[in-house]
Amino acid sequence: MLKAHLQGIGMTSQRTRDRLIERLREEGIRSMAVLDAMRNTPRHIFVDEALASRAYEDSSLPIGHGQTISQPYIVARMTEELLQQGPLDRVLEVGTGSGYQAAVLARLVGSLYTVERIRALSDLACQRFRQLGLRNIYVKHRDGGMGLPEQAPFDAIMVTAAPEGIPLALVRQLRLGGTLVLPVGDRKTQALLRVTRTEEGYDKEFLEQVVFVPLLGGLS
Ligand code: SAH
């Protein structure tokens with residue numbers, strides 16, 4: 001990949017990206033670490049070239065296979081919520097998709113494991129991480145509904161597709177005090193929740209109303 005492509009021009013230039021960051025700030029994102037990680041992660045690399053000029057709009061975009069790259073505000077919000085518990089060493093993301101959320105997270109945590117059930121997306125995301133020189137991301141082609149037990153426990157888990165309820169298998173793969181940020185609900189609308197593992201089970205907190213693609217079973 002050409003350096004010029006990574007840097008971007010016109011609608012993908014640093015100036016366009018900076019405007020998105022300014023907007024996220026206006027929308028209430030406070031964490032400088034999150035804003036900087038997003039400023040330094042070129043989102044246009046994570047969408048098809050035909051959509052590159054829209055990469056710095058604050059909207060979700062199609063990435064093929066019926067899936068979407070999340071809206072930047074949601075990426076920022078979920079990342080900020082995850083980091084609230086303090087520095088994170090081992091983190092799991094379920095739903096690699098384009099790889100954008102993983103690339104942002106990887107700049108902020110020790111090791112990032114990310115699982116995706118669609119092989120084509122998983123392979124493409126791997127290539128993008130290599131182009132960006134991100135070496136602390138471990139990509140697995142896997143049904144992530146059951147998490148990644150062999151790498152557990154995690155300090156935090158983020159799910160970027162919506163199950164109908166809180167998957168207990170994922171809660172069990174958190175260390176005590178660890179947090180899980182995920183959308184839960186039906187196909188139309190979901191609640192973004194922050195779940196914290198406790199001695200007795202878990203506590204949950206409602207964050208906001210969101211729309212994600214559903215968490216599906218099996219591989220593709
Ligand atoms: N974090 C992604 C958002 C992708 S959309 C990004 O930044 O682009 C959600 C993704 O979750 C889709 O790619 C979908 O294939 C994947 N997914 C859905 N169910 C899954 C499951 N059970 N295991 C792993 N991935 C899943």
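Me: What makes the space taken by the ligand count as a pocket, and how does it rank?

Reply: The space taken by the ligand is the largest pocket, a pocket being an open set of points, on a 1 Å grid over the protein atoms alone, with protein on both sides within 12 Å along at least five of seven lines. A molecule sits in a pocket if more than half of its atoms lie within 2 Å of its grid points. This is a predicted model, in which local features need pLDDT of at least 70 and side-chain atom pairs pLDDT 80 or more, while totals for chains, interfaces and linings use all residues. Residues are numbered from 1 along each chain as its sequence is written, and side-chain values use heavy atoms, with hydrogens and water left out.

Me: Which residues come nearest to the ligand?

Reply: Of the 27 residues around the ligand (a heavy atom within 4 Å), those that come nearest are S98, E116, D143, G144 and L216.

Me: Why are the approaches of R117, G144 and L216 to the ligand called polar contacts?

Reply: A polar contact is a pair of N or O atoms within 3.5 Å. A nitrogen atom of the ligand lies 3.3 Å from a backbone N or O atom of R117, a backbone N or O atom of G144 is 2.7 Å from a ligand nitrogen, and a polar backbone atom of L216 is 2.6 Å from a nitrogen of the ligand; each of these distances therefore meets the 3.5 Å limit.

Me: How do you know how much of the ligand the protein buries?

Reply: Taken alone, the ligand exposes 580 Å², and the protein buries 99% of that, with areas from the Shrake-Rupley method and a 1.4 Å probe.

Me: Which elements give two or more residues to the shell around the ligand?

Reply: They are strand 2 (67-69), helix 5 (100-106) and strand 4 (109-116), where helices are DSSP runs of H or I with at least four residues and strands runs of E with at least two. Strand 2 gives the largest share, 3 residues, and the chain has 7 helices and 9 strands.

Me: Why does the radius of gyration agree with a compact globule?

Reply: For 220 residues a compact globule would have a radius near 17 Å, and the chain has 16 Å, which agrees; the rule, over C-alpha atoms, is 2.2 Å times the number of residues to the power 0.38.

Me: What joins A152 and P153?

Reply: A cis peptide bond joins them, with omega about 5 degrees, and P153 is placed in the loop between strand 5 (137-141) and strand 6 (154-159).

How values were computed: Polar contact = N/O pair within 3.5 Å; in protein donor to acceptor, adjacent residues only side chain to side chain. 1 Å grid on protein atoms, 1.4 Å probe; cavity = no way out; pocket = protein on both sides within 12 Å on 5 of 7 lines; lining within 4 Å.
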